[in-house]
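Colleague: I am new to this one. Please walk me through it, and let me ask how each label was earned.

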Amino acid sequence: MISVFKPTWMVSSVYSIAPEQLKKQGIKAVFTDLDNTLIAWNNPDGTPELWEWMNALKQAGIPLIVISNNSYKRVKHAVAPLDLPFTSRALKPLGFGIKRAMHRINLTEDEIVMVGDQLITDVVAANRAHVRSILVKPLIESDAWNTRPNRFFEIFIKKQLAHKYPTLRWQEGLND
């Protein structure tokens, strides 16, 4: 049961995921959660590091697609300055949103990675969709009100993961 929460990798920051490392893993597209993964939930403008990372992915020919549980209106507004495609109402932790986006870009499960800051939604959805996942630390310490219960339960889940998978550790990149 605990294996459904196990990420493929745990990387400190989304911005530390180098396109070269993704390509070595056969990854051709990055799906990412929105709030507290790509942008801070309370800062929709993003950071210079975000723009640098998005440009590096673009230069490497790796599309970046937002997969969010938020409404179409909310996600469209949030990603408009970033000019990113997205899937809203993804129904994470179910894998439907990931599968929908994967079919839209005509790639296979082995060619996709899902990046997110939550075990209960992002990692479980990736595992249910049979794609690899990267758990990242949240961009900021505070969360929107609807995320706080997940953070509480994640404390216990992380302890169980550490017990069952002692080699699962935070890394600075995919190849650490």
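Colleague: Which residue does Phe31 stand opposite in E3?

Modeller: Ile65. Keep in mind that the model is predicted. Strand E3 covers residues 64-67, and Phe31 belongs to strand E2, residues 29-32.

Colleague: How do you know that E2 and E3 pair?

Modeller: Count the bridges. Pairing takes at least two bridges between the strands. E2 and E3 are joined by three, so they qualify. The two strands run parallel.

Colleague: What makes E2 and E5 a pair?

Modeller: The same test of at least two bridges. Four bridges link E2 to strand E5, residues 112-116, so this counts as pairing too. The sense is parallel. Within it, Ala29 stands opposite Ile112, and Val30 has Val113 as its bridge partner.

Colleague: Which way do the residues of E2 point?

Modeller: Ala29 and Phe31 go one way, Val30 and Thr32 the other. That fits the general pattern: in a regular strand, side chains alternate between the two faces of the sheet. Here both sets are buried.

Colleague: In what order do the strands of the sheet come?

Modeller: The order is E1-E6-E5-E2-E3-E4. That makes an open sheet of six strands, paired in parallel.

Colleague: Why are E1 and E4 said to stand at the edges?

Modeller: Strand E1 (9-11) and strand E4 (86-87) have a single partner strand each, so one side of each has no neighbour in the sheet. For E1, the partner is E6, joined by three bridges in parallel. There, Val11 has Val136 as its bridge partner.

Colleague: What joins E6 to E5?

Modeller: Four bridges, again in the parallel sense. Val115 stands opposite Ile134 in E6.

Colleague: Why is E6 called largely enclosed?

Modeller: Four of its five residues are buried, so the rest of the structure largely encloses E6.

Colleague: Which helix lies across E5 and E6?

Modeller: Helix H5, residues 119-129. Its angle to E6 (132-136) is about 160°.

Colleague: Val124 sits in H5. Why is Val124 called buried or exposed?

Modeller: Its relative accessible area is 4%. Buried means under 20%. Val124 is therefore buried. Beyond residues up to four places away in sequence, Val124 touches Val4, Phe5, Pro93 and Leu119. Its C-alpha also lies 7.8 Å from that of Lys6, although 118 residues separate the two along the chain.

Colleague: How do you know whether His130 is buried or exposed?

Modeller: The relative accessibility of His130 is 53%. Exposed means over 50%, so His130 counts as exposed. This residue lies in the loop between H5 and E6.

Colleague: And what class does Leu91 fall into?

Modeller: Leu91 has a relative accessible area of 46%. Partly exposed covers values between the 20% and 50% limits, so Leu91 is partly exposed. Leu91 belongs to the loop between E4 and H4.

Colleague: What is phi in His130 and in Leu91?

Modeller: His130 has a phi near 65°, a positive value. Leu91 also has a positive phi, near 65°. Most residues other than glycine have a negative phi, and most peptide bonds are trans.

Colleague: Which peptide bond is cis?

Modeller: The one from Lys92 to Pro93, with omega near 25°. Pro93 is in the loop between E4 and helix H4 (96-104).

Colleague: On to the second largest pocket. Which helix gives the most to its lining?

Modeller: Helix H2, residues 48-59, with five residues. The pocket holds about 230 Å³ of space.

Colleague: How do the lining residues divide into nonpolar, polar and charged?

Modeller: Eight are nonpolar, one is polar and two are charged. Among the lining residues are Trp51, Met54, Asn55, Lys58 and Asp83. Lys and Asp count as charged, so Lys58 and Asp83 fall in that class.

Colleague: Met54 is in H2. What makes Met54 buried or exposed?

Modeller: Its relative accessible area is 11%. The limit for buried is under 20%, so Met54 is buried. Apart from neighbours within four places in sequence, Met54 is in contact with Leu64, Leu82 and Leu84.

How values were computed:
Residues are numbered from 1 along each chain as its sequence is written. This is a predicted model: local features need pLDDT of at least 70, side-chain atom pairs count only at pLDDT 80 or more; totals for chains, interfaces and linings use all residues. Side-chain values use heavy atoms; hydrogens and water are left out. Buried means under 20% relative accessible area, exposed over 50%, partly exposed in between (1.4 Å probe, protein chains only). Contact means heavy atoms within 4.5 Å. Axes are lines fitted to C-alpha atoms, for helices over the stretch in contact, and angles run from 0 to 180 degrees between N-to-C directions. On a 1 Å grid over the protein atoms alone, a cavity is a set of points where a 1.4 Å probe fits but cannot get out, and a pocket is an open set with protein on both sides within 12 Å along at least five of seven lines; lining residues have an atom within 4 Å of a point. Grid points are joined across faces, edges and corners, and a volume is the space filled by probe spheres set on the points.
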